[in-house]
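New to this one? Have a look at the chain below, and then we'll walk through it piece by piece.

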Amino acid sequence: GEVPRSQGKAVRVRDLRKSYGSREAVRGIDLDVHPGEVVALLGPNGAGKTTAVRILSTLLRPDAGIVTVGGFDVLRSPTQVRRLISLTSQDTAIDELLTGEENLLMMGRLRHLGRAEARARGGELLTRFDLAGDAQRRVKTYSGGMRRKLDLAMSLISRPTVLFLDEPTTGLDLRSRQAVWDVLAALVATGVTIFLTTQYLEEADRLADRIAVIDGGRVIATGTADELKSRVGTEQVELLLDDPATLSWTVSTFGDSVVRTDPAGPSVRVATDGTAAHVKHVLDQLERKGIGVASIALHRPTLDDVFLTLTGQRAEREKELSLS
């Protein structure tokens, strides 16, 4: 019989785990995605992003944990989940020998649309993705960006309510990446829920309402881009030191407030609250210790800073745990 739905969340993940032999790819992820929200799972290669998406899209069985999509459990009701979702992965489902239009028609038929409906929906998507002029060309003549747009169009043929995108712009040049971002931004306006994985900080910043930073199979931070940036200070002051020998002394002075260092500089970036008083306080601390500063510069924090700080902190914590 029909399995009852748990209402309210487009995606709900609790204590998700998956290992390959002795390697833990996913180590206890908790995550919620609300209807109409765009959530980015941001992390480096090997962080567990693709494994998580494959479980959420019913392609892989978890070892433990609860996952529901559209209220349906992925293990108990995979068919119902598949009716609600679509997945665009790094391995495209495109047939290079067919035209763009034929690929969409084929996907429509595979998704149980009638021939007329599949043709109409395909035409609508070709127009939306700016591919109508190339609809009759074989896909093998398409550029990387055009292929990615066609792949996205194919994943939308059945009007999914939740769209999973696994690294949607990996390998594309900047222009093609921008074109895909524009399409996704337009898609968000239609109310589709999007869960995407990415290695690109700019992509997460541009597209996502909320970002979950994943490293080593665990979510190490979640929040909006601004919330995550505030974890490394609302502003940063970069101190160019007179003497390279004072670098380690400067780092120990500011401890956890240090965002990054560059021995070649020699320079140190310190998180501040953005006020002149705080910047003055930073300089006063150095002056009291006799550390000379050649110049200072102010910077807005980026997601790169967040990422480097968070993943660096995790590496330090794991090193401490292994030593204890």
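Here is a short tour, going from the whole chain down to a single residue.

## The whole chain

First things first: this is a predicted model. The protein chain holds eleven helices and 14 strands. Measured out along its principal axes, the C-alpha trace covers about 80 × 45 × 35 Å.

The chain has 324 residues, and 48% of them count as buried. If you take the contacts with a separation of 6 or more, 70% of them are between residues 24 or more positions apart.

## A six-stranded sheet

Let's turn to a sheet. It is an open one built from six strands, lined up as β6-β7-β8-β3-β9-β10, with mixed pairing. At the edges sit β6 (85–88) and β10 (218–223), each of which pairs on one side only. Going from one strand to the next, the twist averages 15 degrees.

For a look at one pairing, take β3 (residues 38–42) and β9 (residues 210–215): these strands run parallel and are joined by four bridges. Alanine 40 has isoleucine 211 in β9 as its bridge partner.

## Helices on the sheet

Two helices are worth finding next. Helix α1 (residues 49–56) packs on the sheet and touches β3, β6, β7 (162–166), β8 (193–198) and β9. The direction of α1 makes about 150 degrees with that of β8. Helix α5 (residues 144–155) packs on the sheet too, touching β6 and β7, and its direction makes about 165 degrees with that of β6.

## Where α5 meets α6

How are α5 and α6 arranged, and at what angle do they pack? Helix α6 covers residues 174–188, and the two helices pack at about 20 degrees with their axes 9 Å apart. Angles under 35 degrees count as roughly parallel, so α5 is roughly parallel to α6. Their crossing is right-handed.

On the α5 side, the contact is made by Gly145, Arg148, Lys149 and Leu152. On the α6 side, Ser176, Ala179, Val180, Val183 and Leu184 do the job. Sort the residues of this contact by type and you get five nonpolar, two polar and two charged.

## A strand covered on both faces

Now jump along to β13 (residues 267–272), where six of the six residues are buried. In a regular strand, side chains alternate between the two faces of the sheet. Here both faces are covered: Ser267, Arg269 and Ala271 are buried on one side, and Val268, Val270 and Thr272 are buried on the other.

Which strands does β13 pair with? One is β11 (residues 235–241), which runs antiparallel to β13 and is joined to it by six bridges. Another is β12 (residues 258–262), also antiparallel, over four bridges. Valine 270 of β13 turns up in both pairings: valine 237 stands opposite it, and it is the bridge partner of valine 258. Between β12 and β13 there is a hairpin connection of four residues.

## Zooming in on leucine 207

To finish, pick out leucine 207, which belongs to helix α7 (residues 201–207). Is leucine 207 buried or exposed? Its relative accessible area is 12%, so it counts as buried, the cut-off being under 20%.

What is leucine 207 in contact with, once its neighbours within four places in sequence are left aside? The list is Val38, Trp181, Leu184 and Leu196. Leu184 is also one of the α6 residues in the contact with α5. Finally, leucine 207 and alanine 185 lie 22 residues apart in sequence, while their C-alpha atoms are 6.9 Å apart in space.

Conventions
Residues numbered from 1 in each chain as written. Heavy atoms only, no water. Pairing = 2+ DSSP bridges. Axes fitted to C-alpha atoms, helices over the stretch in contact; angles between N-to-C directions. Contact = heavy atoms within 4.5 Å. Parallel < 35°, antiparallel > 145°, perpendicular 65-115°, else oblique. Left-handed = near helix turned anticlockwise from the far one by under 90°. Nonpolar A, V, L, I, M, F, W, Y, C, P; charged D, E, K, R; others polar. Buried < 20%, exposed > 50% of the residue type's maximum accessible area, 1.4 Å probe, protein only.
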